[in-house]
Amino acid sequence: MKVKVHKKLNELAATAICGNDISSSVLYVSALAIAFAGQYAWITLLIVSFVLFLFRKIYGEVVGALPLNGGAYNALLNTTSKSMASFAAALTLLSYMATAVISANEAIHYLHHLIPSLPIIIGTTVLLGIFAVLTIGGITESAKVAIGIFLFHLFSLIILSGFIIYYFSYNGIETFFQNWHLPTSEGGITNAIFLGFAASMLGVSGFESSANFVEEQEKGVFPKTLRNMWAVVSIINPLMAIFALTIFSVSVLQSDAYQNTLLIEMASHVGGKWVAVLISIDAFLVLSGAVLTSFVGVSGLLERMTLDRIMPQFFLKKNKKGSSYRIILMFFFLSISVLLITNGNVKLLAGVYTISFLSVMILFGIGNILLKVKRNKLPRPEKASWFSVLIAILAVGIALIGNLVMKPKDGLPSNLIIFLDYFIPTILFIIIMLNRTVLLNFLLNAMHTIFDPVRNFVLKIDKKILQTIDKINDQEFVFFTKGDKLSTLNKVMLYILKNEHTKKLKIVIVLDKGQEMPENLPQEIEFLDREYPEIDIEFLSVPGKFNPKLIKELSKKWNIPINFMFIGSPSDKFPYKVEELGGVRLII
């Protein structure tokens with residue numbers, strides 16, 4: 001029997017999976033940087049490239065020393081506490097959720113330009129479902145799709161760049177210099193670069209994804225994915241900003257139409273409709289690839305958390321392809337619920353995406369510092385200097401502050417408010433999962449405190465009632481027979497079952513001197529004992545003469561108040577008055 005070896009990802013496959021997310025930023029980050037920094041947008045994007053260069057070694061050192069899935073969660077888990085690591089995990093989960101929903105929605109919007117009849121929300125749901133199924137099919141199959149999308153994206157950008165350069169050869173680059181000499185907006189160059197840098201940092205989302213599925217990569221591939229992602233965003237993002245500033249004026253680039261579809265407008269301007277269609281298709285595909293990145297990344301993260309017993313072990317179930325399909329399905333339904341809650345207005349998620357992603361990068365930097373201090377003896381293939389780590393954390397902190405103070409557009413709430421709306425429920429869920437045994441014990445103790453007195457009271461009442469029932473049933477019933485027929489004795493038994501609270505019966509025959517026991521009476525009583533097992537029958541033969549005196553003696557001896565029962569009415573020949581015998585019960 002052959003053992004199936006799990007095939008790991010090579011450099012191209014791993015780069016493609018996380019590269020689609022980070023490289024899709026070219027569709028919006030240049031326009032976003034220009035909106036805040038104007039003609040200095042390309043400078044802010046180069047600063048972002050420098051910060052990302054610093055993070056290459058930060059990520060390389062941590063993951064090289066701790067080559068496990070989970071990214072920032074794994075870094076903090078091995079240097080701080082599970083609670084702190086879970087805080088990073090909650091932020092990463094929110095980042096992936098926002099990325100998946102926003103990317104899928106934007107992808108459908110680009111496709112909507114080509115197919116106007118396409119419904120946005122339904123299309124977004126279907127797209128999320130397709131990539132959920134693809135991820136469930138296994139990371140190897142997902143990688144094949146990711147590679148195709150990634151290569152097509154690079155090819156499309158090369159085609160677009162070729163047309164732009166050809167356009168410059170005829171029209172020159174005078175527009176760039178005109179834009180460069182424009183007066184700065186209110187706040188000056190420093191403020192423009194500060195806000196532009198804060199906005200441009202969103203262009204590196206996806207850089208952290210490779211660390212979340214490092215266990216799926218071949219040995220030595222992880223640092224190469226960081227290098228490749230850095231190279232892609234360092235070239236295409238600043239270059240597209242320069243191209244845009246050379247084709248259009250800043251005022252045009254800062255308009256809403258160009259902010260949403262800058263690359264399509266550039267493609268249409270330099271190459272005509274077919275190039276614009278090519279870029280639209282590319283935008284749809286690479287944004288779809290970012291959805292795939294989210295599914296792969298979150299699967300690695302939550303699987304790691306489940307192995308660490310933070311999430312229920314229910315999520316560890318894998319299919320034949322080795323995919324944690326329950327995690328993927330949960331993330332799919334979470335994404336759909338967020339899409340429906342926002343009613344397709346995914347701009348509301350921008351704050352969640354921004355703050356969570358930048359916070360994860362800061363926490364990863366902190367994890368690197370803690371690794372140096374607490375786990376310095378762990379072998380690692382490379383080391384980031386203290387100076388570079390501190391500069392990187394400071395830079396991302398500045399970007400985070402910039403996004404927090406940035407005024408929201410379109411009357412939306414602030415980024416912080418939106419972020420807290422999603423972060424608080426997420427972190428509460430994580431806290432509950434972390435402390436579920438403590439909470440269950442607290443609930444158990446609370447239930448005991450509330451209900452134990454009631455239970456004890458009920459048990460006492462129950463015991464008292466049972467004792468009373470037993471006391472009542474323990475009272476014996478005495479039947480005096482003269483050797484009655486079996487049918488008469490049976491009537492006595494039926495009467496007792498229907499009317500008496502007793503399970504004990506004495507059948508007594510009084511024999512005077514010279515009287516003999518009826519021949520069949522003992523056998524008949526044995527028969528009744530078998531037929532009525534619920535009644536304990538005791539048969540006694542008492543010597544003496546049946547009279548009130550004997551009855552009183554027996555009553556005192558047995559400590560039983562004896563009443564008399566007659567089948568029919570007392571006979572006229574009966575020598576005693578019934579009241580002399582202590583009472584009468586009649587069976588008609």
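## Helices α5 and α17

In this predicted model, helices α5 and α17 cross in a left-handed sense. Their axes lie 8 Å apart, and the packing angle is about 140°. Angles over 145 degrees would count as roughly antiparallel, so α5 and α17 are oblique to each other.

If you would like to find this contact on screen, start on the α5 side with Met84, Phe87, Ala88, Leu91, Thr92, Leu94, Ser95, Met97, Ala98, Thr99 and Ile102. Facing them from α17 are Ala350, Val352, Tyr353, Ser356, Phe357, Ser359, Val360 and Leu363. Sorted by class, the residues of the contact between α5 and α17 are 14 nonpolar and 5 polar, with no charged ones.

## The largest pocket

Helices α5 and α17 turn up again around the largest pocket, where both are among the elements that supply at least two lining residues each. The others are α2, α13 (256-260), α15 (273-307) and α19 (415-434). Which helix gives the largest share of this lining? That is α5, with 9 residues; this helix spans residues 82-114.

The pocket has a volume of about 1,300 Å³, and 42 residues line it. To get your bearings, look for Leu32, Glu106, Asn260, Lys347 and Ala350, the lining residues that lie nearest the pocket's centre. Ala350 also belongs to the α17 side of the contact with α5. By class, the pocket lining has 20 nonpolar, 15 polar and 7 charged residues.

## Helix α11 and its partner α1

Now for helix α11, which runs from 221 to 247. One of its partners is α1, residues 11-23, whose axis comes within 9 Å of the α11 axis and crosses it at roughly 40°. That angle makes α1 oblique to α11, and the crossing is right-handed.

On the α1 side, the contact is made by Glu11, Ala14, Thr15, Cys18, Gly19, Ile22 and Ser23. The α11 side brings Val221, Lys224, Thr225, Arg227, Asn228, Met229, Val232, Val233 and Ile236. Counting by class, the contact of α1 with α11 has 8 nonpolar, 5 polar and 3 charged residues.

## Helix α11 and its partner α2

Helix α2, residues 29-37, also packs on α11, at an angle of about 60° and with the two axes 9 Å apart. This makes α2 oblique to α11. The crossing of α2 and α11 is right-handed.

Which residues make this contact? From α2 come Val29, Ser30 and Ile34, and from α11 come Asn237, Met240, Ala241, Ala244 and Leu245. The contact of α2 with α11 has 6 nonpolar and 2 polar residues, and no charged ones. Helix α2 is also one of the elements that give at least two residues to the lining of the largest pocket.

## A cavity lined in part by α11

How many cavities of 30 Å³ or more are there? The count comes to 1, and the volume of this cavity is about 50 Å³. Its lining is made up of Leu45, Val48, Ser49, Ser200, Gly203, Val204, Val233 and Asn237. The elements giving two or more residues to that lining are α3 (41-65) and α11, and α3 has the largest share, with 3 residues.

Two of these lining residues are already familiar from the helix contacts. Val233 is part of the α11 side of the contact with α1, while Asn237 is part of the α11 side of the contact with α2. By class, the cavity lining has 4 nonpolar and 4 polar residues, and no charged ones. The lining of the largest pocket, by comparison, includes 7 charged residues.

How values were computed: Residues numbered from 1 in each chain as written. Predicted model: local features only at pLDDT ≥ 70, side-chain atom pairs only at ≥ 80, totals over all residues. Heavy atoms only, no water. 1 Å grid on protein atoms, 1.4 Å probe; cavity = no way out; pocket = protein on both sides within 12 Å on 5 of 7 lines; lining within 4 Å. Points joined across faces, edges and corners; volume = space filled by probe spheres on them. Helix = DSSP H or I, 4+ residues; strand = E, 2+ residues; numbered from the N terminus. Nonpolar A, V, L, I, M, F, W, Y, C, P; charged D, E, K, R; others polar. Axes fitted to C-alpha atoms, helices over the stretch in contact; angles between N-to-C directions. Parallel < 35°, antiparallel > 145°, perpendicular 65-115°, else oblique. Left-handed = near helix turned anticlockwise from the far one by under 90°. Contact = heavy atoms within 4.5 Å.
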